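Visitor: I should like to learn how salt bridges are read in a structure. Could we work through an example together?

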Amino acid sequence: MHLNIVVYSKSACPQCDTAKSLLKARGLAFEEIKIDDEDQRKAFYEKCGPSVRQMPQIFINDQRVGGADGLRAAFVQLKI
């Protein structure tokens with residue numbers, strides 16, 4: 001199964017580091033896009049949805065799974 005994984009993150013973000021570590025531990029390739037500018041980050045959150053207010057935001061095959069907890073749930077659902 002080919003997975004297209006994109007991690008939107010910011011610098012100095014422990015949750016972002018956790019999510020990237022989870023992916024690396026499973027040997028999954030991912031693209032990281034850092035959004036350190038606060039205005040750009042707010043615009044990104046608006047595109048994601050009204051409840052999105054934090055990083056990281058992880059997308060698997062263009063579906064937003066959320067942060068590290070959402071990633072763990074996706075691992076179970078996708079049997080990764």
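**Reading the salt bridges**

Guide: R72 counts as partly exposed, at 39% relative accessibility. Please keep in mind that this is a predicted model.

Visitor: Which side chain does R72 meet in a salt bridge?

Guide: Side chains of opposite charge can pair when their charged atoms come close. Here R72 meets D69, with an N to O distance of 3.0 Å. Both residues lie in helix 3 (residues 68-78), 3 residues apart, about one turn of the helix. D69 is exposed, its relative accessible area being 60%.

Visitor: Which residues are joined into one network by salt bridges that share partners?

Guide: The network consists of D17, K20 and E32. In one of its pairs, the side chains of D17 and K20 meet at 3.7 Å, N to O. D17 and K20 are both in helix 1 (residues 14-25), with a separation of 3 residues, about one turn of the helix.

Visitor: Is K20 buried or exposed?

Guide: K20 has a relative accessible area of 11% and is therefore buried, since the cut-off for buried is under 20%. D17, by contrast, is partly exposed at 44%.

Visitor: What distance separates N and O in the salt bridge of E32 and K20?

Guide: The distance is 2.8 Å. E32 belongs to strand 2 (residues 31-34) and K20 to helix 1, so this pair ties together parts that are 12 residues apart in sequence. E32 is partly exposed, with a relative accessible area of 32%.

Visitor: How many salt bridges does the count come to?

Guide: The count comes to 4 salt bridges.

How values were computed
Residues numbered from 1 in each chain as written. Predicted model: local features only at pLDDT ≥ 70, side-chain atom pairs only at ≥ 80, totals over all residues. Heavy atoms only, no water. Helix = DSSP H or I, 4+ residues; strand = E, 2+ residues; numbered from the N terminus. Buried < 20%, exposed > 50% of the residue type's maximum accessible area, 1.4 Å probe, protein only.
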